Amino acid sequence: MAKYRRRLLALLFIASLLPGCAPAAPSDPPPEPAQSVPEPAAEAQTASPDAQAAEALAAMTRTQKIAQLFFVSPEALLGDSGSVTAADDSLRAAFAACPVGGVLLAEGNLRGPAQTKALLSGLQDMSRDVLDLPVFLGVDEEGGTVARISGTGRFGVDAWPDMASVADEAEARRIGEEMGKYLRDLGFNLNFAPVADVLTEPENTVVRRRAFSDDPETVTNLCAAFSDGLQSRGVLACYKHFPGHGATEADSHKGFACSMHTPEELYLLDLPPFRDAAGRRIPFIMVGHVTLPNVTRQASPASLSHEITTELLRGELGFRGVAITDSLDMGAVTQNYSAGEAAVQAVLAGQDMLLINQGFPEAYEAVSRAVADGTIPQTRLDEAVERILRAKFAWQAGQ
(Lines give C-alpha, C1' and ligand atoms only; values in the text may rest on other atoms or scores of the structure.)
Protein backbone atom coordinates (compact mmCIF):
# COMPACT_ATOMS: atom_id res chain seq x y z
CA MET A 1 0.00 0.00 0.00
CA ALA A 2 2.82 2.35 0.87
CA LYS A 3 4.37 1.52 -2.52
CA TYR A 4 1.19 2.65 -4.39
CA ARG A 5 0.96 5.79 -2.25
CA ARG A 6 4.56 6.72 -3.19
CA ARG A 7 3.77 6.18 -6.94
CA LEU A 8 0.67 8.34 -6.73
CA LEU A 9 2.57 11.18 -5.06
CA ALA A 10 5.31 10.94 -7.70
CA LEU A 11 2.76 11.15 -10.53
CA LEU A 12 1.11 14.17 -8.94
CA PHE A 13 4.48 15.90 -8.60
CA ILE A 14 5.33 15.30 -12.28
CA ALA A 15 1.89 16.52 -13.35
CA SER A 16 2.39 19.73 -11.38
CA LEU A 17 5.39 20.56 -13.56
CA LEU A 18 3.39 20.42 -16.80
CA PRO A 19 2.02 23.86 -17.83
CA GLY A 20 -1.73 24.28 -17.51
CA CYS A 21 -2.21 20.87 -16.08
CA ALA A 22 -1.59 21.29 -12.32
CA PRO A 23 -4.74 21.38 -10.28
CA ALA A 24 -5.00 24.36 -7.97
CA ALA A 25 -4.39 23.64 -4.32
CA PRO A 26 -7.68 23.44 -2.49
CA SER A 27 -6.73 26.33 -0.19
CA ASP A 28 -5.84 28.73 -3.05
CA PRO A 29 -8.53 31.16 -4.34
CA PRO A 30 -9.52 30.81 -8.01
CA PRO A 31 -7.39 32.95 -10.32
CA GLU A 32 -8.79 36.42 -11.10
CA PRO A 33 -9.77 36.98 -14.73
CA ALA A 34 -7.49 39.40 -16.52
CA GLN A 35 -8.86 42.92 -16.38
CA SER A 36 -9.25 44.60 -19.78
CA VAL A 37 -7.85 48.15 -19.49
CA PRO A 38 -9.66 50.44 -21.93
CA GLU A 39 -7.38 52.18 -24.40
CA PRO A 40 -7.48 55.99 -24.16
CA ALA A 41 -9.67 57.36 -26.94
CA ALA A 42 -7.52 58.47 -29.83
CA GLU A 43 -8.02 62.16 -30.60
CA ALA A 44 -9.50 62.78 -33.99
CA GLN A 45 -6.66 63.90 -36.17
CA THR A 46 -7.76 66.54 -38.66
CA ALA A 47 -5.60 66.65 -41.74
CA SER A 48 -3.72 69.88 -42.36
CA PRO A 49 -5.12 72.36 -44.91
CA ASP A 50 -2.23 71.40 -47.20
CA ALA A 51 -3.13 67.71 -47.04
CA GLN A 52 -6.85 68.40 -47.44
CA ALA A 53 -6.18 70.63 -50.45
CA ALA A 54 -4.02 68.00 -52.13
CA GLU A 55 -6.67 65.33 -51.59
CA ALA A 56 -9.51 67.53 -52.84
CA LEU A 57 -7.50 68.60 -55.89
CA ALA A 58 -6.86 64.99 -56.87
CA ALA A 59 -10.60 64.29 -56.83
CA MET A 60 -11.63 67.26 -58.99
CA THR A 61 -12.37 67.25 -62.70
CA ARG A 62 -10.66 69.71 -65.01
CA THR A 63 -13.93 71.62 -65.42
CA GLN A 64 -14.34 71.96 -61.66
CA LYS A 65 -10.77 73.21 -61.33
CA ILE A 66 -11.27 75.87 -63.97
CA ALA A 67 -14.47 77.06 -62.30
CA GLN A 68 -12.59 77.51 -59.02
CA LEU A 69 -10.42 80.19 -60.62
CA PHE A 70 -13.35 82.58 -60.98
CA PHE A 71 -14.71 85.08 -58.48
CA VAL A 72 -17.95 86.47 -59.91
CA SER A 73 -21.25 88.10 -59.02
CA PRO A 74 -24.49 86.09 -58.80
CA GLU A 75 -25.65 87.96 -61.89
CA ALA A 76 -22.60 86.76 -63.85
CA LEU A 77 -23.45 83.17 -62.93
CA LEU A 78 -27.03 83.57 -64.10
CA GLY A 79 -26.32 85.79 -67.09
CA ASP A 80 -28.88 88.18 -65.60
CA SER A 81 -28.69 91.97 -65.60
CA GLY A 82 -31.02 92.34 -62.60
CA SER A 83 -29.85 92.20 -58.99
CA VAL A 84 -29.97 88.67 -57.56
CA THR A 85 -31.31 88.65 -54.00
CA ALA A 86 -32.33 85.02 -53.39
CA ALA A 87 -30.64 81.63 -53.58
CA ASP A 88 -33.41 80.13 -55.69
CA ASP A 89 -33.51 77.12 -58.01
CA SER A 90 -32.21 79.08 -61.00
CA LEU A 91 -29.13 80.20 -59.08
CA ARG A 92 -28.65 76.69 -57.72
CA ALA A 93 -28.72 75.26 -61.25
CA ALA A 94 -26.27 77.89 -62.49
CA PHE A 95 -23.88 77.18 -59.63
CA ALA A 96 -24.10 73.43 -60.15
CA ALA A 97 -23.19 73.93 -63.81
CA CYS A 98 -20.23 76.17 -62.93
CA PRO A 99 -19.17 75.88 -59.26
CA VAL A 100 -17.03 79.02 -59.05
CA GLY A 101 -14.50 79.54 -56.30
CA GLY A 102 -15.93 82.82 -55.06
CA VAL A 103 -19.01 85.03 -55.26
CA LEU A 104 -18.80 88.80 -54.83
CA LEU A 105 -21.88 90.49 -53.41
CA ALA A 106 -22.64 94.13 -54.20
CA GLU A 107 -25.07 96.59 -52.68
CA GLY A 108 -27.86 95.53 -55.02
CA ASN A 109 -27.69 91.98 -53.68
CA LEU A 110 -27.91 93.09 -50.05
CA ARG A 111 -31.34 94.30 -48.97
CA GLY A 112 -31.25 93.59 -45.23
CA PRO A 113 -29.98 91.19 -42.56
CA ALA A 114 -32.49 88.35 -42.98
CA GLN A 115 -32.40 88.41 -46.79
CA THR A 116 -28.59 88.60 -46.88
CA LYS A 117 -28.16 85.73 -44.42
CA ALA A 118 -30.52 83.57 -46.47
CA LEU A 119 -28.74 84.39 -49.75
CA LEU A 120 -25.26 83.72 -48.39
CA SER A 121 -26.30 80.61 -46.51
CA GLY A 122 -27.92 79.32 -49.69
CA LEU A 123 -24.76 79.94 -51.72
CA GLN A 124 -22.64 78.18 -49.12
CA ASP A 125 -25.01 75.20 -49.15
CA MET A 126 -24.81 75.02 -52.95
CA SER A 127 -21.03 74.81 -52.87
CA ARG A 128 -21.00 72.11 -50.20
CA ASP A 129 -23.66 70.12 -52.06
CA VAL A 130 -21.82 70.27 -55.39
CA LEU A 131 -18.18 70.01 -54.31
CA ASP A 132 -18.21 69.39 -50.56
CA LEU A 133 -16.20 72.63 -50.33
CA PRO A 134 -16.92 76.08 -48.96
CA VAL A 135 -17.22 78.98 -51.39
CA PHE A 136 -15.60 82.36 -50.79
CA LEU A 137 -18.32 84.96 -50.18
CA GLY A 138 -16.71 88.35 -50.63
CA VAL A 139 -17.64 91.99 -50.20
CA ASP A 140 -15.99 95.40 -50.50
CA GLU A 141 -16.35 96.76 -46.97
CA GLU A 142 -13.36 99.05 -46.58
CA GLY A 143 -15.16 101.75 -44.63
CA GLY A 144 -15.56 105.38 -45.64
CA THR A 145 -16.40 105.83 -49.32
CA VAL A 146 -16.31 102.11 -50.15
CA ALA A 147 -18.82 100.16 -48.06
CA ARG A 148 -21.65 97.80 -48.99
CA ILE A 149 -23.09 97.26 -45.50
CA SER A 150 -22.24 100.17 -43.22
CA GLY A 151 -23.96 103.47 -43.87
CA THR A 152 -26.57 102.00 -46.22
CA GLY A 153 -29.39 102.26 -43.67
CA ARG A 154 -30.32 98.61 -44.23
CA PHE A 155 -28.25 96.84 -41.60
CA GLY A 156 -28.21 99.12 -38.58
CA VAL A 157 -24.48 99.77 -39.00
CA ASP A 158 -23.33 103.39 -39.00
CA ALA A 159 -20.98 104.60 -41.72
CA TRP A 160 -17.31 104.29 -40.94
CA PRO A 161 -15.02 107.28 -41.44
CA ASP A 162 -12.49 107.32 -44.25
CA MET A 163 -9.51 105.17 -43.41
CA ALA A 164 -7.30 108.23 -43.85
CA SER A 165 -8.72 109.50 -40.54
CA VAL A 166 -7.82 106.40 -38.49
CA ALA A 167 -5.60 107.59 -35.66
CA ASP A 168 -3.66 104.55 -34.50
CA GLU A 169 -3.35 100.76 -34.44
CA ALA A 170 -5.85 100.35 -31.60
CA GLU A 171 -8.53 102.11 -33.63
CA ALA A 172 -7.65 100.16 -36.78
CA ARG A 173 -7.95 96.87 -34.90
CA ARG A 174 -11.27 97.89 -33.33
CA ILE A 175 -12.69 98.77 -36.74
CA GLY A 176 -11.49 95.45 -38.14
CA GLU A 177 -13.04 93.53 -35.25
CA GLU A 178 -16.40 95.27 -35.52
CA MET A 179 -16.51 94.88 -39.28
CA GLY A 180 -15.55 91.23 -38.95
CA LYS A 181 -18.33 90.60 -36.46
CA TYR A 182 -21.20 91.91 -38.55
CA LEU A 183 -19.79 90.50 -41.80
CA ARG A 184 -19.39 87.03 -40.25
CA ASP A 185 -22.87 87.22 -38.72
CA LEU A 186 -24.27 87.86 -42.21
CA GLY A 187 -22.33 84.94 -43.71
CA PHE A 188 -19.34 86.59 -45.40
CA ASN A 189 -15.93 84.96 -45.10
CA LEU A 190 -13.79 87.38 -47.15
CA ASN A 191 -13.50 91.16 -47.09
CA PHE A 192 -11.61 92.90 -49.89
CA ALA A 193 -9.80 95.13 -47.42
CA PRO A 194 -7.57 96.71 -46.22
CA VAL A 195 -6.33 99.17 -48.81
CA ALA A 196 -2.56 98.81 -48.47
CA ASP A 197 -1.64 101.55 -50.93
CA VAL A 198 0.72 104.28 -49.73
CA LEU A 199 -0.60 107.64 -50.92
CA THR A 200 2.48 109.29 -52.45
CA GLU A 201 0.72 111.19 -55.27
CA PRO A 202 -1.31 114.19 -53.99
CA GLU A 203 -3.44 114.21 -57.15
CA ASN A 204 -4.43 110.56 -56.75
CA THR A 205 -8.19 110.19 -57.18
CA VAL A 206 -8.51 106.44 -56.61
CA VAL A 207 -7.29 105.87 -53.05
CA ARG A 208 -6.98 109.42 -51.71
CA ARG A 209 -9.40 108.85 -48.82
CA ARG A 210 -9.22 105.05 -48.85
CA ALA A 211 -5.52 104.77 -47.99
CA PHE A 212 -4.42 104.97 -44.36
CA SER A 213 -1.49 107.31 -44.91
CA ASP A 214 1.32 108.61 -47.09
CA ASP A 215 3.86 106.96 -44.78
CA PRO A 216 4.84 103.33 -45.54
CA GLU A 217 5.41 102.37 -41.91
CA THR A 218 2.07 103.79 -40.82
CA VAL A 219 0.22 101.99 -43.62
CA THR A 220 2.02 98.75 -42.77
CA ASN A 221 1.12 98.94 -39.08
CA LEU A 222 -2.50 100.02 -39.56
CA CYS A 223 -3.14 97.37 -42.23
CA ALA A 224 -1.74 94.72 -39.91
CA ALA A 225 -3.89 95.88 -36.98
CA PHE A 226 -7.04 96.08 -39.12
CA SER A 227 -6.43 92.61 -40.56
CA ASP A 228 -5.77 91.10 -37.14
CA GLY A 229 -9.09 92.46 -35.94
CA LEU A 230 -10.99 91.34 -39.02
CA GLN A 231 -9.57 87.83 -39.03
CA SER A 232 -10.09 87.38 -35.29
CA ARG A 233 -13.80 87.29 -36.17
CA GLY A 234 -13.44 84.63 -38.88
CA VAL A 235 -13.38 86.90 -41.94
CA LEU A 236 -10.34 86.71 -44.25
CA ALA A 237 -8.47 89.86 -45.23
CA CYS A 238 -7.30 90.81 -48.71
CA TYR A 239 -4.59 93.47 -49.10
CA LYS A 240 -4.95 95.64 -52.19
CA HIS A 241 -3.83 96.93 -54.75
CA PHE A 242 -0.41 95.30 -55.24
CA PRO A 243 2.20 96.58 -56.01
CA GLY A 244 0.70 99.93 -55.01
CA HIS A 245 -1.87 102.33 -56.48
CA GLY A 246 -0.86 105.35 -54.41
CA ALA A 247 1.51 106.89 -56.94
CA THR A 248 -0.94 107.15 -59.86
CA GLU A 249 -2.96 110.13 -60.99
CA ALA A 250 -5.33 108.24 -63.29
CA ASP A 251 -8.16 105.94 -62.14
CA SER A 252 -7.73 102.35 -63.36
CA HIS A 253 -11.51 101.91 -63.17
CA LYS A 254 -11.74 104.26 -66.12
CA GLY A 255 -8.59 103.56 -68.11
CA PHE A 256 -4.83 103.37 -68.20
CA ALA A 257 -3.16 104.09 -64.83
CA CYS A 258 0.58 104.51 -64.59
CA SER A 259 3.04 104.76 -61.70
CA MET A 260 6.35 106.36 -62.63
CA HIS A 261 8.09 105.04 -59.54
CA THR A 262 11.56 103.67 -60.05
CA PRO A 263 12.47 100.24 -58.62
CA GLU A 264 14.06 102.00 -55.65
CA GLU A 265 10.92 104.04 -54.96
CA LEU A 266 8.73 100.97 -55.39
CA TYR A 267 10.73 99.00 -52.82
CA LEU A 268 11.02 101.90 -50.38
CA LEU A 269 7.51 103.37 -50.60
CA ASP A 270 4.99 100.93 -52.09
CA LEU A 271 6.05 97.42 -51.13
CA PRO A 272 6.48 97.52 -47.30
CA PRO A 273 2.80 96.80 -46.45
CA PHE A 274 2.68 93.92 -48.94
CA ARG A 275 6.01 92.50 -47.79
CA ASP A 276 4.60 92.52 -44.25
CA ALA A 277 1.42 90.83 -45.49
CA ALA A 278 3.44 88.02 -47.08
CA GLY A 279 5.38 87.52 -43.86
CA ARG A 280 2.18 87.47 -41.81
CA ARG A 281 0.62 84.84 -44.09
CA ILE A 282 -2.30 87.06 -45.11
CA PRO A 283 -4.49 84.74 -47.23
CA PHE A 284 -5.27 87.08 -50.16
CA ILE A 285 -3.52 89.85 -52.04
CA MET A 286 -5.32 91.67 -54.85
CA VAL A 287 -3.12 92.71 -57.77
CA GLY A 288 -4.07 96.00 -59.37
CA HIS A 289 -4.06 97.18 -62.97
CA VAL A 290 -1.25 99.69 -62.52
CA THR A 291 1.44 99.90 -65.18
CA LEU A 292 5.04 100.48 -64.04
CA PRO A 293 7.16 101.42 -67.09
CA ASN A 294 10.26 102.14 -64.99
CA VAL A 295 10.10 98.76 -63.27
CA THR A 296 8.90 96.12 -65.74
CA ARG A 297 10.15 95.11 -69.15
CA GLN A 298 6.62 95.09 -70.58
CA ALA A 299 3.82 97.65 -70.63
CA SER A 300 1.08 95.32 -69.40
CA PRO A 301 -0.81 96.06 -66.16
CA ALA A 302 0.55 94.49 -62.99
CA SER A 303 -2.39 92.08 -62.90
CA LEU A 304 -1.31 90.61 -66.24
CA SER A 305 2.42 90.78 -65.59
CA HIS A 306 4.51 87.70 -64.78
CA GLU A 307 7.29 90.00 -63.56
CA ILE A 308 5.02 91.58 -60.96
CA THR A 309 2.86 88.64 -59.87
CA THR A 310 5.26 85.70 -60.05
CA GLU A 311 8.76 87.17 -59.91
CA LEU A 312 8.07 89.99 -57.44
CA LEU A 313 5.07 88.95 -55.33
CA ARG A 314 5.89 85.24 -55.19
CA GLY A 315 9.63 85.19 -55.74
CA GLU A 316 10.96 88.22 -53.88
CA LEU A 317 8.24 88.82 -51.29
CA GLY A 318 7.58 85.12 -50.70
CA PHE A 319 3.78 85.36 -50.78
CA ARG A 320 2.17 81.89 -50.47
CA GLY A 321 -1.50 82.84 -50.41
CA VAL A 322 -4.07 83.49 -53.14
CA ALA A 323 -3.26 86.18 -55.72
CA ILE A 324 -6.46 87.62 -57.19
CA THR A 325 -6.90 90.23 -59.90
CA ASP A 326 -8.72 93.46 -59.38
CA SER A 327 -11.86 93.40 -61.52
CA LEU A 328 -11.06 92.50 -65.11
CA ASP A 329 -14.09 94.58 -66.12
CA MET A 330 -12.19 97.81 -65.34
CA GLY A 331 -11.22 100.23 -68.06
CA ALA A 332 -7.47 99.71 -67.66
CA VAL A 333 -8.09 96.16 -68.92
CA THR A 334 -11.13 96.36 -71.19
CA GLN A 335 -9.71 99.21 -73.29
CA ASN A 336 -6.70 97.10 -74.22
CA TYR A 337 -7.71 93.42 -73.97
CA SER A 338 -10.72 91.23 -74.59
CA ALA A 339 -12.08 89.41 -71.56
CA GLY A 340 -10.66 86.14 -72.86
CA GLU A 341 -7.21 87.58 -73.54
CA ALA A 342 -7.05 89.20 -70.13
CA ALA A 343 -8.16 86.07 -68.30
CA VAL A 344 -5.62 83.79 -69.98
CA GLN A 345 -2.81 86.30 -69.59
CA ALA A 346 -3.68 86.80 -65.91
CA VAL A 347 -3.49 83.06 -65.18
CA LEU A 348 -0.18 82.80 -67.04
CA ALA A 349 1.11 85.80 -65.07
CA GLY A 350 0.50 83.87 -61.86
CA GLN A 351 -2.96 84.97 -60.73
CA ASP A 352 -4.87 82.28 -58.86
CA MET A 353 -8.32 83.87 -59.05
CA LEU A 354 -9.94 86.14 -61.61
CA LEU A 355 -12.42 88.76 -60.43
CA ILE A 356 -14.79 89.38 -63.33
CA ASN A 357 -18.50 89.89 -64.01
CA GLN A 358 -19.53 91.20 -67.42
CA GLY A 359 -16.82 89.31 -69.29
CA PHE A 360 -17.24 86.07 -67.34
CA PRO A 361 -18.64 83.81 -70.13
CA GLU A 362 -15.91 84.79 -72.59
CA ALA A 363 -13.19 84.56 -69.94
CA TYR A 364 -14.34 81.13 -68.81
CA GLU A 365 -14.40 79.75 -72.33
CA ALA A 366 -10.99 81.24 -73.13
CA VAL A 367 -9.37 79.74 -70.03
CA SER A 368 -11.00 76.37 -70.75
CA ARG A 369 -9.60 76.37 -74.29
CA ALA A 370 -6.17 77.47 -73.07
CA VAL A 371 -6.02 74.63 -70.57
CA ALA A 372 -7.24 72.10 -73.15
CA ASP A 373 -4.65 73.10 -75.76
CA GLY A 374 -1.78 73.45 -73.28
CA THR A 375 -1.41 77.24 -73.46
CA ILE A 376 -2.09 77.18 -69.72
CA PRO A 377 -0.11 74.18 -68.43
CA GLN A 378 -1.92 71.70 -66.20
CA THR A 379 0.70 72.39 -63.52
CA ARG A 380 -0.20 76.11 -63.52
CA LEU A 381 -3.91 75.28 -63.16
CA ASP A 382 -3.28 72.81 -60.34
CA GLU A 383 -0.95 75.21 -58.55
CA ALA A 384 -3.60 77.93 -58.56
CA VAL A 385 -6.46 75.67 -57.49
CA GLU A 386 -4.41 74.09 -54.72
CA ARG A 387 -3.76 77.54 -53.23
CA ILE A 388 -7.47 78.32 -53.39
CA LEU A 389 -8.37 75.03 -51.71
CA ARG A 390 -5.68 75.50 -49.05
CA ALA A 391 -7.15 78.90 -48.15
CA LYS A 392 -10.65 77.42 -47.99
CA PHE A 393 -9.65 74.57 -45.70
CA ALA A 394 -7.61 76.91 -43.49
CA TRP A 395 -10.63 79.20 -43.11
CA GLN A 396 -12.89 76.23 -42.43
CA ALA A 397 -10.52 74.90 -39.74
CA GLY A 398 -10.78 78.20 -37.90
CA GLN A 399 -14.56 78.16 -37.65
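Serine 305 caps helix α11 at its N-terminal end, with a side-chain oxygen sitting 3.3 Å from the backbone nitrogen of glutamate 307. This is a predicted model, and the helix that begins here spans residues 306-316. Glu307, the residue whose backbone nitrogen the cap reaches, is itself buried, and so are Ile308, Thr309, Leu312, Leu313 and Arg314. What do these buried residues of α11 pack against? Their partners are a mix of strands and helices: β5 (236-242), β7 (284-287) and β9 (322-325) on the one hand, and α9 (263-270), α13 (339-349) and α15 (378-397) on the other. Just after α11, glycine 318 takes a positive phi of about 75°.

Stepping back to the whole chain, there are 15 helices and ten strands. The chain has 399 residues, and 52% of them count as buried. Contacts often reach a long way along the sequence: taking those between residues at least 6 apart, 76% join residues at least 24 apart.

Two of the helices, α7 (residues 169-186) and α8 (residues 216-231), pack with their axes 6 Å apart and at an angle of about 30°. The crossing of α7 past α8 is right-handed. On the α7 side, the contact is made by Glu169, Ala172, Arg173, Ile175, Gly176, Glu177, Met179, Gly180 and Leu183. From α8 come Asn221, Leu222, Ala225, Phe226, Asp228, Gly229 and Leu230.

Helix α7 also holds a salt bridge of its own, between aspartate 185 and lysine 181, with the closest N and O atoms 3.1 Å apart. The two residues are four places apart in the helix, or about one turn. Are they buried or exposed? Aspartate 185 has a relative accessibility of 44% and so counts as partly exposed, and lysine 181, at 43%, is partly exposed too.

Salt bridges turn up elsewhere as well, and a search of the whole structure finds 20 of them. One joins aspartate 162 to arginine 209, with 3.0 Å from N to O. This pair links distant parts of the chain, as its members are 47 residues apart: aspartate 162 is in the loop between β3 (136-139) and α7, while arginine 209 is in the loop between β4 (190-191) and α8. Arginine 209 is partly exposed, at 40% relative accessibility.

Another salt bridge brings together the side chains of aspartate 140 and arginine 148, at 3.9 Å from N to O. Here the aspartate is buried, because its relative accessible area is 16% and the limit for burial is under 20%. Arginine 148, at 24%, counts as partly exposed. Both residues belong to a network of salt bridges that also takes in Glu142, Arg210 and Lys240.

Glutamate 75, in helix α4 (residues 74-78), tells another story. Although buried, glutamate 75 has no salt bridge. How far away is the nearest side chain of opposite charge? That side chain belongs to arginine 111 and is 7.9 Å away, whereas a salt bridge needs the atoms to be within 4 Å. The side chain of glutamate 75 does reach the backbone nitrogen of valine 84, at 2.7 Å. Valine 84 is also one of the residues in contact with glutamate 75 once neighbours within four places in sequence are left aside, along with Asp80, Gly82, Ser83 and Asn109.

Note on methods. Residues are numbered from 1 along each chain as its sequence is written. This is a predicted model: local features need pLDDT of at least 70, side-chain atom pairs count only at pLDDT 80 or more; totals for chains, interfaces and linings use all residues. Side-chain values use heavy atoms; hydrogens and water are left out. Buried means under 20% relative accessible area, exposed over 50%, partly exposed in between (1.4 Å probe, protein chains only). Lys and Arg count as positive and Asp and Glu as negative; His and the chain ends are not counted. A polar contact is a pair of N or O atoms within 3.5 Å; within protein, one must be able to donate a hydrogen and the other to accept it, and residues adjacent in sequence count only if both atoms are side-chain atoms. Contact means heavy atoms within 4.5 Å. Axes are lines fitted to C-alpha atoms, for helices over the stretch in contact, and angles run from 0 to 180 degrees between N-to-C directions. A crossing is left-handed if the near helix is turned anticlockwise from the far one by less than a right angle, and right-handed if clockwise.
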